[in-house]
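Please look through the sequence and the model below before reading on. The paragraphs that follow begin at the ligand and then turn to a single residue.

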Amino acid sequence: MGRLDGKVALITGGARGMGKSHARHFVAEGAKVVIGDLLDDKGKELAAELGADNCRYIHHDVTIEAEWAVAVAAAAEAFGTLNVLVNNAGILAHRKIADMTLAEFRRVIEVNLIGEWLGVKSVIEPMTKAGGGSIINISSVEGFTGAAGMSAYSASKFGIRGITRSAAQELGKLGIRVNSVHPGGIMTTMTATAFESFTGISDGEGFMRSLPIARFARSSEVSPLVVYLASDESSYCTGSEFVVDGGMLSGPGY
Ligand SMILES: NC(=O)c1ccc[n+]([C@@H]2O[C@H](COP(=O)([O-])OP(=O)(O)OC[C@H]3O[C@@H](n4cnc5c(N)ncnc54)[C@H](O)[C@@H]3O)[C@@H](O)[C@H]2O)c1
């Protein structure tokens, strides 16, 4: 018995990074998965690795409402239902407010915040039809704190907490649970490309040594939490915030 037997999940931004890891963990636990992304080659490669019986890839831009309808329909067509959404797609634009254009700010909000809101909105009907479901909104440690150059990203990730709590209130009676996950320090393409400009420190591993768990995490250290929230093991959790950050938010590393 897999922990996700009977679950059909849509994972946005699933072609690489944490989304890819979540897809692999979900399939290993018995779920059927549709991954959406803009990176078609990588998405198709992952779908082929996981096998057509378990996984399909669809080109899906989370900022476009009509593409949400297509992605949701694809899940139902391929696997009969949809009862898990992992709202994972996200972008990071590291720029101080004085230097950031309005268009750059809007793009981050569009992908990270409006994209997740559209996701919640789009799955209400299919999850209601399915008798319930679990929505996992990927926020960040930046949903609890700010940093220089992170105004747009942090605003989007704080906003996800508001969507999550409101949606949990609205959807609980329909059997739909909504929680947020707050990673920090996970080594992915996003982190690798942003870390130096984000911290001004070229030695990323050195910076991480000041944290309680003194290293970057692998994506595979976040996926078990997402599996838990997707599974019926978390049946009493909704409207809550789950941090996986090696202790980054626990306090300053004096
Ligand atoms: N890496 C970290 O330490 C960290 C920390 C906190 C939160 N996060 C969040 O975790 C999530 C995954 O990030 P990651 O670290 O794996 O980064 P990543 O850049 O490897 O993955 C993000 C994925 O989202 C996709 N994407 C971007 N814009 C999209 C759009 N409009 N529509 C559909 N897909 C789109 C990208 O193509 C990519 O595959 C993001 O929401 C990110 O903000 C990451």
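In this predicted model, the ligand is surrounded by 27 residues, and the closest of these are Arg-16, Asp-37, Asn-88, Tyr-153 and Thr-188. Sorted by class, the residues of this shell comprise 12 that are nonpolar, 10 that are polar and 5 that are charged. Several helices contribute to the shell, since at least two of its residues are supplied by each of helix H1 (17-28), helix H4 (102-129), helix H5 (151-171) and helix H6 (189-199).

Individual atom pairs give a finer view of how protein and ligand meet. An oxygen atom of the ligand lies 2.9 Å from a backbone N or O atom of Met-18, while a polar side-chain atom of Lys-157 is found 3.0 Å from an oxygen atom of the ligand. For Asp-61, an N or O atom in the side chain is 3.1 Å from a nitrogen atom of the ligand. The ligand exposes 820 Å² when it is taken alone, and the protein buries 95% of that area.

The residue to consider next is His-60, which has its place in the loop between strand S3 (55-59) and helix H3 (65-79). Is His-60 buried or exposed? His-60 has a relative accessible area of 2%, and because buried means under 20%, this residue counts as buried. Once its neighbours within four places in sequence are left aside, His-60 is in contact with Thr-12, Gly-36, Asp-37, Leu-38, Glu-67, Trp-68 and Ala-71. One of these contacts, Asp-37, also appears among the closest residues around the ligand.

Note on methods: Residues numbered from 1 in each chain as written. Predicted model: local features only at pLDDT ≥ 70, side-chain atom pairs only at ≥ 80, totals over all residues. Heavy atoms only, no water. Near = heavy atom within 4 Å. Polar contact = N/O pair within 3.5 Å; in protein donor to acceptor, adjacent residues only side chain to side chain. Areas by Shrake-Rupley, 256 points an atom, 1.4 Å probe, with all protein chains shown as cover. Helix = DSSP H or I, 4+ residues; strand = E, 2+ residues; numbered from the N terminus. Nonpolar A, V, L, I, M, F, W, Y, C, P; charged D, E, K, R; others polar. Buried < 20%, exposed > 50% of the residue type's maximum accessible area, 1.4 Å probe, protein only. Contact = heavy atoms within 4.5 Å.
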